[in-house]
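User: Hey, I'm new to this one. Can you walk me through the side-chain links?
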Amino acid sequence: KGARGARRRRLAMASPSDGAASAKESADVVGLGAADPDARGATGDRIRPLLHESQSGDSLMQRIPSEGSTSTYPDEHSEPPTPSDPVRRRRSADRTMMASGSLEEEEEDLGDSSDFDSSVEEYNHKEQSSSYYYDLTDESCDDGSWRREVPLLRHGRKTRKQLRQKVEGLVQELQRRKKLFQTRQRDLALSVNENIRHRFLTNQERIVRRSRQMTTKLRSGRARAWRHKWVFALAQADFMVSAFWLGRKPETYYMYYTAQMALVIGCKVLDYRIKAQHYFLLDFCFFANACVLVWLWLFPTWGALYNACEGVCGLLAISIVVFRNSCVPHDFVRISNAYVHYPALLCMLSLKMQCQGDHCLGIEEGIAFRWHERLHAAFGAYLSWALCYSSVIFIFARNRIEHKKRDTLYKYFAQTLGYREALPTWLRPYAQVVFMCGHMTLFCFGVGWLLLPLSGQVIGMIVGMVAFFHNGGRFYVDHFWKAYERNTATYVDAAFSAMSKEESLPSAPAAGAAGSTAVANGKQVVASGGSPAAATYSADSKASVTQGGG
């Protein structure tokens with residue numbers, strides 16, 4: 001059927017005259033219902049010889065006309081037998097259509113049909129032997145030739161079993177490779193993590209070792225001397241710049257004050273963090289400086305906040321005297337404790353003497369309030385700080401402070417200075433309340449600062465600065481006096497020890513014993529090679545150093 005269909009399509013593409021006649025004859029023969037009897041008879045006359053020859057066994061190839069011939073049959077007057085059934089008629093019509101074409105077309109058709117028949121025979125032969133899931137495919141080789149691939153799988157129960165086994169083998173192989181990949185990935189992750197952990201621990205040990213070396217170096221005498229020299233130089237430079245700025249432009253001194261506080265508070269934070277004393281940052285002096293900075297830069301026209309700043313400045317002025325702030329420029333701890341108290345007073349005084357812009361509006365609005373309203377604003381600011389401080393130190397962070405033994409202002413007063421032991425026995429459990437009440441009392445003494453006129457505040461500032469410099473002078477005088485006494489006593493003791501060794505020779509053992517007794521009793525010693533004045537001065541110097549607290 002496939003061959004006949006191909007032949008019909010090729011014949012339909014032949015020449016118009018031959019193709020039309022052939023198609024008409026084919027339609028008449030195949031349909032068996034042509035309307036023209038003559039045409040049907042003529043067609044029958046043409047296919048009878050072919051049918052006769054096909055029945056007799058002659059080959060169709062013998063009936064192909066030679067080149068140049070015009071007759072289809074060798075004998076035009078012979079009459080072949082008439083077909084007996086429609087099938088034979090159709091076959092005869094097909095053969096007639098093949099014969100009516102040109103020689104080239106017939107040769108091509110015959111060649112195609114032979115190839116097709118050979119492929120069909122090969123396919124039928126393979127179909128009888130075995131059937132495949134996939135057709136045979138041609139694949140090009142590297143040298144340009146073509147080769148036929150062997151089919152993958154075959155039909156049948158045995159084939160299904162083989163397929164199942166092959167799929168199971170592939171699944172097992174995939175699982176094995178997956179496990180191997182996971183194992184390698186896990187080993188790689190462990191090795192990488194181990195390397196990272198080793199490097200991290202190594203770097204941490206190196207950092208700890210270097211930090212210890214740095215700490216040891218910073219605690220050495222040379223490092224301390226270097227640090228004290230630079231702190232002293234910076235403090236002296238700050239004194240000069242502050243004096244010049246206040247005299248030249250007091251209305252802009254708040255800018256220098258802001259930079260000064262940023263540097264000082266930043267250094268204090270670092271110092272407290274290293275020493276684990278960061279709870280000192282909650283003290284009132286830091287809160288007061290924060291209030292001043294907020295008013296200067298955020299709310300300069302707010303009169304109530306100006307009154308609060310004026311009120312907290314009173315306690316800062318009192319703290320200079322009470323806490324003995326000292327002008328010790330070489331010691332960062334002492335000079336920084338003073339910096340968080342007196343610069344805020346200088347800034348507020350400079351703005352009251354000469355202001356500009358919004359600061360003048362804020363000062364005028366604050367002064368316009370009544371005296372009790374101004375006190376109320378200042379006291380409200382203090383109560384806000386007292387509530388925050390007592391909540392953190394005595395409630396929220398109490399266990400942490402006790403467990404890690406952190407230093408606080410309350411602990412400094414209660415334990416270091418011994419005020420808690422000085423309280424009555426029945427009042428000691430309420431030492432925290434006593435501390436807050438005492439602090440509030442200091443604030444009440446200093447809150448009247450905002451009611452003082454400008455001249456009164458200037459006088460108070462001068463008194464505070466005098467106390468500041470006096471405390472520094474006393475520190476240096478006491479330090480050098482005590483150091484002189486200590487060095488002198490050490491020198492005298494060394495000299496007397498040398499003399500005692502000379503006297504303790506075998507020739508004069510009694511003199512050494514007498515010398516020792518004389519030194520112990522603080523009396524003069526008369527011995528060979530010794531100086532009675534040296535022994536007396538040594539004993540007296542020891543007594544004087546003990547009385548002076550050295």
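Analyst: Sure. C355 and C360 pair up in a disulfide, with their sulfur atoms 2.1 Å apart; a disulfide here is a pair of cysteine sulfur atoms within 2.5 Å. This is a predicted model, where local features need pLDDT of at least 70, side-chain atom pairs count only at pLDDT 80 or more, and totals for chains, interfaces and linings use all residues. Residues are numbered from 1 along each chain as its sequence is written, and side-chain values use heavy atoms, leaving out hydrogens and water.

User: Which hand does the disulfide of C355 and C360 have, and why?
Analyst: Right-handed, because the torsion about its S-S bond is about 125°.

User: And what about C309, where's the nearest cysteine sulfur?
Analyst: That's the sulfur of C291, 5.7 Å away, and C309 is in no disulfide. C309 is buried, at 0% relative accessible area (buried means under 20%, exposed over 50%, partly exposed in between, with a 1.4 Å probe and protein chains only).

User: Switching topic: how many salt bridges are there?
Analyst: Eight, counting a side-chain nitrogen of Lys or Arg within 4 Å of a carboxyl oxygen of Asp or Glu. One of them links E173 to R176, with the closest N and O atoms 2.5 Å apart.

User: Is K275 in one, and which residue is its partner?
Analyst: K275 bridges to D271, with 3.5 Å between the closest N and O atoms. K275 is partly exposed at 42%, whereas D271 is buried at 16%.
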